[in-house]
Amino acid sequence: MKKIYIIHENNEWTDHLTKRLDQLQLPYESWHLDQGIIDLTTQPPEGVFYNRMSASSHTRNHRFAPELTGGVLSWLELHGRKVFNGSKALSLELSKINQYTALTKNGIRTPKTIGAVGTDQIIQAAERLGTVPFITKHNRAGKGLGVQLFQSVDSLKAYILSEEFEESIDGITLIQEYIQSEDSFITRAEFVGGKFIYAVKVDTSNGFELCPADSCQIGDAFCPVGEEAIEKPKFEIIDSVDKSLIAKYELFLADQQIDVAGIEIIANANGEAFTYDVNTNTNYNADAEAKADIYGMMKLAQFLGQELNES
């Protein structure tokens, strides 16, 4: 019997989808790829395959899950299986440099960014950027890994040469211009089947840990703004959205063969929008969705069910 196969490495982020698949009585199987075998002498099972491998898998002691997934996706694609968020999507999930080059190719503005490997080279990259403040981030990240704000190259030097310096899992540190949001929020646009479903406003006044999943947690907040606690939701689904930018995103997703994604945008004080993250294993916030009565995982389950029926 044909099934929906879910490729992942985090049960907490996948349970929300499988509950919706159960609700719709759709057949599925979970492939948890923290370990496994790729038997190239065999053919894959029949069905449709949805990849939601995460760039932050190593933080859950699943260091080689993305590499294993890359091999599995190649095997599936070789045999002509229908794969959603396949090899091209995984390439972008695992590299912000790949994200920024692909976005730029599609006419979408990103923050000025320089990648570097090596202590001296990271410092040179900050000098070459030529603007302060700036931030560092990991090229292969997720969960806000490596994101820190610096007011000077000297403060970066002190950090890079200290024991506190945390290297990206792929060795590439990014130096990026800091985009200051006037109202301390970013917008995250969600897409299923390559089509826009909704936008969510994310409050960043207490830090830049932006993962919307209910189980998401991280230690230090990034770029806190003030100490006053403001009673407002961290995630809020909104109606106002730049339709021309959404159209560009849909063309970008089609070009990069990405079917499911959350794309994050920040606007500066002049209202100029910068796209800085493409998350291809997107999660959704339950409170925001309940208030707006729209559910991303249900949309995704319905999409996968329709594709299974048509396969």
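Eleven salt bridges are found when the whole structure, a predicted model, is searched. Side chains of opposite charge can pair when their charged atoms come close.

One of these contacts joins Glu-29 and Lys-3, whose side chains meet with a nitrogen-to-oxygen distance of 2.9 Å. Because Glu-29 belongs to strand S2 (residues 28-32) and Lys-3 to strand S1 (residues 3-8), this salt bridge ties together parts that are 26 residues apart in sequence. Glu-29 is partly exposed, its relative accessible area being 30%, and Lys-3 is likewise partly exposed, with a value of 23%.

A salt bridge is also formed between the side chains of Lys-82 and Glu-307, with 2.9 Å from N to O. Here distant parts of the chain are linked, since Lys-82 is located in strand S4 (residues 82-84) and Glu-307 in helix H9 (residues 296-310), 225 residues apart. Lys-82 is partly exposed, at a relative accessible area of 33%, whereas Glu-307, at 14% relative accessibility, counts as buried because the limit for that class is under 20%.

In a further pair, Asp-277 forms a salt bridge with Lys-96, and the closest N and O atoms lie 2.6 Å apart. This contact, too, links distant parts of the chain, with Asp-277 in strand S13 (residues 273-279) and Lys-96 in helix H4 (residues 96-105), 181 residues apart. Both Asp-277 and Lys-96 are buried.

Besides these pairs, a network of salt bridges links Arg-63, Glu-67 and Arg-140.

Conventions: Residues numbered from 1 in each chain as written. Predicted model: local features only at pLDDT ≥ 70, side-chain atom pairs only at ≥ 80, totals over all residues. Heavy atoms only, no water. Salt bridge = Lys/Arg side-chain N within 4 Å of Asp/Glu carboxyl O. Helix = DSSP H or I, 4+ residues; strand = E, 2+ residues; numbered from the N terminus. Buried < 20%, exposed > 50% of the residue type's maximum accessible area, 1.4 Å probe, protein only.
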